[in-house]
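Here are my notes for you to read alongside the sequence and the coordinates. Please take the points in order, keeping the view open as you go.

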Protein chains: 2
Amino acid sequence: MRTRPRELTVAAQDYLKAIHALEDEGVRVTTSALAERMSVSAPSATAMAKRLAGLGLVERTPYRGVALTETGRACALEVIRHHRLLERYLADRLGLTLDEVHAEAELLEHALSEELEARIDAELGYPTHDPHGDPIPDAELKLDAERGRTLSDLDEGERAAVSRVPDGDPGLLRYLAELGLVPEAEVEVLRRAPYGGPVTVRTVVGEHAISRELAGRIAVA
Amino acid sequence: MRTRPRELTVAAQDYLKAIHALEDEGVRVTTSALAERMSVSAPSATAMAKRLAGLGLVERTPYRGVALTETGRACALEVIRHHRLLERYLADRLGLTLDEVHAEAELLEHALSEELEARIDAELGYPTHDPHGDPIPDAELKLDAERGRTLSDLDEGERAAVSRVPDGDPGLLRYLAELGLVPEAEVEVLRRAPYGGPVTVRTVVGEHAISRELAGRIAVA
DNA sequence: AGCGCAGTTTAGTCATAGCTAATTCCGATC
DNA sequence: GATCGGAATTAGCTATGACTAAACTGCGCT
């Protein structure tokens with residue numbers, strides 16, 4: 001039996017998604033973290049946290065923050081499934097580029113019926129990853145964690161394939177695409193400057209130095 | 001330069017669509033007609049009518065009703081364009097049936113960006129009609145009126161092709177499909193009972209009597 | 001242990017969009 | 001031309017979700 005974020009407001013779904021993302025990043029979901037992520041004032045975040053707690057979707061400890069309940073997590077995953085399936089669809093079937101799909105999926109995700117979700121899923125052959133390399137929760141909302149290594153974990157001389165890139169920032173995605181850093185692409189780490197300095201990589205496009213911080217956000221396999 | 005219903009609330013867009021539909025049907029757009037169409041109380045309709053008038057989207061005469069302004073009509077057509085393009089897409093590319101597309105398009109129409117609209121339009125080869133046979137406003141929002149004849153206008157013995165069926169009621173659409181009354185299908189009128197009685201038609205599926213009222217809602221060419 | 005500040009929450013508003021109950025208007029009838 | 005009834009509007013509430021300003025907590029630091 002499937003939980004139904006469908007009966008939630010769009011705003012509530014967006015908050016759940018944000019809370020899930022923060023938990024996933026290992027960040028404590030405080031009011032300010034949530035407010036920041038949602039581009040909203042702290043009181044607004046507090047208010048929504050209370051509402052979600054009232055719906056049994058999060059556990060809330062005043063002054064401490066919130067944590068998703070099982071139900072809350074299911075709702076978040078449902079929305080994420082919609083988002084990532086749509087990204088996959090938009091990229092594969094309508095030719096949207098990596099930097100375009102996120103925003104479009106963001107718009108459409110709340111308007112996708114279960115029917116259509118299933119139809120799209122089948123049409124695409126039950127894909128497991130979105131175009132950025134993020135895993136798509138399956139129809140039972142199972143999500144494989146796959147917290148693998150990143151570009152910044154590789155030793156000099158190591159080669160790997162990019163498995164995941166950050167998904168939200170179109171400018172960043174265009175930049176990475178220019179450097180040849182897209183999912184599936186081959187990379188070799190040439191140098192890792194000490195003290196958290198830049199990482200120099202070779203891709204099909206050539207050699208490029210990128211910040212350690214950015215390298216840490218690019219997963220490899 | 002394109003008007004931007006995008007900046008309107010979803011509710012406002014839905015009201016504009018309803019007002020457009022009523023005008024199209026030749027109905028005076030009174031508060032009660034609008035309230036009825038929107039499944040909303042009369043005071044709610046009054047309130048929205050005022051809001052739309054304030055935005056310059058309708059001309060409102062208290063106690064008289066509303067009429068779309070040019071801007072209002074453009075916004076309504078923009079929404080209708082989204083709706084019908086999506087219907088066409090869902091039918092052609094995802095295999096949804098005639099009775100399913102309306103509800104899905106209803107959900108998605110407000111979440112469709114101009115970008116994606118253009119992409120879908122191109123993908124489909126700039127279609128002119130949705131799967132029910134309703135005309136799709138073009139990118140400049142021109143809509144061909146084509147107020148043609150209906151099944152109930154045909155004389156006994158006349159043959160024609162169904163050009164348009166009502167789009168909102170899934171049950172009705174399934175019924176019509178069973179009778180072979182779908183867009184493009186060949187029909188021949190066998191009998192027209194007097195005094196507004198039923199019309200008997202032959203389709204590929206056989207002979208069927210349908211009410212005059214229903215026949216009047218099926219356009220032919 | 002106490003003080004202070006950063007972070008949280010409360011208090012009080014606003015806008016949208018819905019509702020019911022009460023009132024007002026318009027036109028049709030007498 | 002007054003009246004009556006139905007349609008339309010006003011008045012007053014509710015919920016969501018945002019905001020600012022003010023008050024409160026708790027933790028770290030002395």
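**Notes on the contacts with DNA and on chain A**

1. In this predicted model, 21 residues lie around DNA strand C, and those that come nearest are A:Ser32, A:Lys50, B:Thr9, B:Ser44 and B:Arg64. By type, the residues of this surface divide into 10 nonpolar, 7 polar and 4 charged.

2. If you look for where these residues sit, helix 2 (31–38) and helix 3 (42–54) of chain A each supply at least two of them, as do helix 1 (10–24) and helix 3 (42–54) of chain B.

3. On the DNA side, sugar or phosphate accounts for 81% of the atoms of DNA strand C within 4 Å of the protein, while the rest belong to bases. Among the individual contacts, a polar backbone atom of A:Tyr63 is 2.7 Å from a phosphate oxygen of the strand, and an N or O atom in the side chain of B:Arg51 is 3.0 Å from a phosphate oxygen. For B:Tyr63, a polar side-chain atom lies 3.4 Å from a sugar or linking oxygen of DNA strand C.

4. Turning to chain A as a whole, you will find 8 helices and 7 strands, and a C-alpha trace that spans about 55 × 45 × 25 Å along its principal axes. Its radius of gyration is 19 Å, which agrees with the value near 17 Å for a compact globule, because that value is the one for a chain of 221 residues.

5. Of the residues of chain A, 47% count as buried, and its accessible surface comes to about 10,900 Å², with 52% belonging to carbon and sulfur atoms. Among contacts in chain A between residues at least 6 apart in sequence, 61% join residues at least 24 apart.

Terms used:
Residues are numbered from 1 along each chain as its sequence is written. Chains are lettered from A and ligands numbered from 1 in the order in which they are written. This is a predicted model: local features need pLDDT of at least 70, side-chain atom pairs count only at pLDDT 80 or more; totals for chains, interfaces and linings use all residues. Side-chain values use heavy atoms; hydrogens and water are left out. A residue is near a molecule or strand if one of its heavy atoms lies within 4 Å of it. A polar contact is a pair of N or O atoms within 3.5 Å; within protein, one must be able to donate a hydrogen and the other to accept it, and residues adjacent in sequence count only if both atoms are side-chain atoms. Helices (H or I, at least four residues) and strands (E, at least two) are DSSP runs, numbered from the N terminus. Ala, Val, Leu, Ile, Met, Phe, Trp, Tyr, Cys and Pro count as nonpolar, Asp, Glu, Lys and Arg as charged, and the others, Gly among them, as polar. The radius of gyration is taken over C-alpha atoms; the globule rule is 2.2 Å times the number of residues to the power 0.38. Buried means under 20% relative accessible area, exposed over 50%, partly exposed in between (1.4 Å probe, protein chains only). Contact means heavy atoms within 4.5 Å. Accessible areas come from the Shrake-Rupley method with a 1.4 Å probe; for residues, only the protein chains shown count as cover.
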